[in-house]
Amino acid sequence: MPWLTNTLNRNTLSPWGFIAFPLAIVMLFTALPTLAGLLLSLFEWSGGGSPRFIGLKNYTDLIASSAFWPALCNTLLFAAFTVPLTVFFAFLIAAALNAPWFIGRTTMRTIFFLPTVVSIVAIGFIWSWVLDSTDAGLLNHVLTDIVGLPRAWLPEWLGNNPWGLASVIMVSIWRGLGFSIVLYLAAVSNVPRALYDAAAVDGANSWQTLWNVTWPGVRPMTVFLLITGLIGALQVFDVVLVMIGEGGQRWTDVLNLYLYREFTNNRLGFAAAIGSVVLLLTVIMTVAQLKWLNRPEGRTRTAATAEKGSAAP
C-alpha cells in the first residue's frame, strides 16, 4: 500500500528533520572534539610534525606526576564545597524572597542576579583587589584600620595556602547564587498551595513547612542544580586563572589549570590525557550523584507529602 508507506516515511522523517541541525551542531562541536581529544591522548604531539603513538604512556606519566594529585584534590574540594553550599543558600534565599512578608522582592532578585551576568574576568579582578594581601587590599584595610586587627593576624588570602582555595570557593558561590535563586523562585512558586494548607492544619510552623513541604516540592530543581553545578565545578578554570594565576601552586591548582599549562607548553597529548581524566571524572560523579538523588526513599517521601496535601480539605 503506497499511501501507508508514504505516511510512515513522513511520520518517521519529520522529527529527524527538526532535530537535524541541533544534532549536527552537537556532533560537530561536542562529540567529534571529544573523540579527537580521547584519541590524541594516546599520542605524543607538540603541534608540529607527525604525532607519535605512545599508547597509555601519557596516563601513566600523569598518575606519576607530582602536580596531578594536588590538582585533583583541589578540584574535588572545590566541587564538594561550591555545589552544595550554592544550592543550600540559594534555596533559603529563594524561600525568603517568596515569603509574603518580604518587601522589595524584585529589587533583591535583580541584585542577587547581577553577578551572574558580569564577566568572570571583571569579577576576578575586583575580588583580587578586595582580597589583596597588601595594605592596598580592601578587606585588609577594613580589618586593620577600622576593626583594629593586627596585620600579622591576617592570612595571605590569595596565597598558596588553604585560604587561597577558600577564597576562590567563596567567590564562586557568590557568583553562582543569582542563577540558582531565580530557578528556585520559579520552582517554589509552583509548589501546590494545598501542601501548605495541609501543613497549617497539622500545626506546622514556618521552619517545619520549609523543610517538609517546600524542600521536597522543589526536588526536581534541586537535582538539576546539583547536576549542572557539579559539571561546572569539575571544569573550574577561569576564576582560578584570573584570581590566582597560572602558576602551579599546591593549594590552588586545579585540573583544567594544569591542562592549560601543559597545552601552552606544547604537550598536546599530555594535555588531552588530563582532559580525558576530567571527562571521566565528570561522567562518574554525575551518574553517581544522579543515582543517589533518585534513590527510592527520596521519591517516596516527596510522593507521600504530595498525597497528604491532596487529601487535605
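This tour goes through a predicted model one selection at a time.

**The whole chain**

Begin with the full chain in a cartoon view, where 14 helices and two strands can be found. Of its 313 residues, 36% count as buried, and the accessible surface comes to about 17900 Å², of which 70% belongs to carbon and sulfur atoms. Among the contacts with a separation of 6 or more, 68% are between residues 24 or more positions apart.

**Helix H6 and threonine 144**

Next, select residues 138–146, which make up helix H6, and show the side chain of threonine 144 within this helix. Is threonine 144 buried or exposed? Its relative accessible area is 18%, and because buried means under 20%, threonine 144 counts as buried. Now add asparagine 140, whose backbone oxygen lies 2.6 Å from a polar atom of the threonine 144 side chain, and then aspartate 145, whose side chain makes a polar contact with that of threonine 144 at 3.4 Å. If neighbours within four places in sequence are set aside, threonine 144 is in contact with Leu149, Arg151 and Leu154, which can be selected together.

**Helix H9 and its tryptophans**

The structure holds 13 aromatic pairs. For one of them, select tryptophan 207 and tryptophan 211, whose ring centres are 5.7 Å apart and whose planes stand at 70 degrees. Why is this pair called edge-to-face? The angle of 70 degrees decides it, because planes over 60 degrees apart count as edge-to-face. Both residues belong to helix H9 (residues 206–217), and because they are four residues apart there, about one helical turn separates them. Tryptophan 207 counts as exposed, with 56% relative accessibility.

**Helices H12 and H13**

Move on to tyrosine 258 and phenylalanine 270, another edge-to-face pair, with 6.1 Å from centre to centre and 75 degrees between the planes. Tyrosine 258 lies in helix H12 (residues 255–264) and phenylalanine 270 in helix H13 (residues 268–293), twelve residues apart, and the pair links distant parts of the chain. Both tyrosine 258 and phenylalanine 270 are buried. Keep phenylalanine 270 on display and add arginine 267, which lies over the face of that ring at 4.2 Å from the ring centre.

**Two last selections**

Select arginine 250 with tryptophan 251, where the charged end of the arginine sits over the ring, 5.6 Å from its centre. Finally, return to tryptophan 207 and tryptophan 211 and add Phe88, Phe89, Phe91, Tyr184 and Trp215, with which they form one aromatic cluster.

Notes. Residues numbered from 1 in each chain as written. Predicted model: local features only at pLDDT ≥ 70, side-chain atom pairs only at ≥ 80, totals over all residues. Heavy atoms only, no water. Buried < 20%, exposed > 50% of the residue type's maximum accessible area, 1.4 Å probe, protein only. Contact = heavy atoms within 4.5 Å. Areas by Shrake-Rupley, 256 points an atom, 1.4 Å probe, with all protein chains shown as cover. Polar contact = N/O pair within 3.5 Å; in protein donor to acceptor, adjacent residues only side chain to side chain. Phe/Tyr/Trp six-rings, centres within 6.5 Å; stacked < 30°, edge-to-face > 60°. Lys NZ or Arg CZ within 6 Å of the ring centre and 35° of its normal.
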